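The following exchange concerns one structural model and is best read alongside it.

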Amino acid sequence: MYLKIKRITDLLLSLLFVVMFWWVFAVIALLIICEDRGAVLFRQRRIGKDKKEFYIYKFRTMKTDTPKDVPTHLLKDPQSYITKIGAFLRKSSLDELPQLFNIIKGEMSIVGPRPALYNQYDLIAERDKYGANALTPGLTGHAQVNGRDELPIDVKARLDGEYVKNISFITDVKIILKTISAVISHDGYKEGTK
């Protein structure tokens, strides 16, 4: 029952946010174009509900010559690829705003496991153990607010599994509130290998 309500809530909140903050999207797009000519949006193959692939949308934060389909944490020197506005967008998580359109399309939810890259086979396999691949992926999630980029894959998958077991309106509200706090404090945020 909650999953039906969750979808309606996701849709309404995402539409409301896009309508209220369209000007933020416009300003960010202008800043990206001014710094580094090229596409404003970045599309990347990700794994969705039931392991179906879809394309996630993000504001482009890296230079146009960045290697494709490589997670940032696997780049040897990510700072050399990230634009100045991109660094700010990533640190503030504003680069994720276009995923509101993924939510509107039904490919994502506000809260759920973060969608794995299509070639993150180890993460996908670990999530299978916990049933996390059966959920719609989220803009934020339980693993995101409990370590984000600092977590090893087995821990991320286990946390996603905990969310599967405890999915509810209250759980989602708690994760959203923790997300706001984590974004403000940059908790768990890092770029590249350390």
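The questions below address a helix pair and a pocket.

Author: This is a predicted model, in which local features need pLDDT of at least 70 and side-chain atom pairs pLDDT 80 or more, while totals for chains, interfaces and linings use all residues. Residues are numbered from 1 along each chain, and side-chain values use heavy atoms, without hydrogens and water.

Reader: Is L31 buried, partly exposed or exposed?

Author: L31 lies in helix α2, residues 22–35 (helices are DSSP runs of H or I, at least four residues; strands are E, at least two). Buried means under 20% relative accessible area and exposed over 50%, with a 1.4 Å probe and protein chains only. Because its relative accessibility is 41%, L31 counts as partly exposed.

Reader: At what angle do the axes of α2 and α3 cross?

Author: Residues making the contact (heavy atoms within 4.5 Å) include L31 of α2 and L89 of α3. Axes are lines fitted to C-alpha atoms over the stretch in contact, with angles from 0 to 180 degrees between N-to-C directions. The axes of α2 and helix α3 (residues 84–92) come within 9 Å and cross at roughly 145 degrees.

Reader: Which element gives the most residues to the lining of the second largest pocket?

Author: A pocket is an open set of points on a 1 Å grid where a 1.4 Å probe fits, with protein on both sides within 12 Å along at least five of seven lines; lining residues have an atom within 4 Å of a point. Both α1 (2–20) and β3 (109–111) give two or more residues to this lining. With four residues, the element that gives the most is α1.
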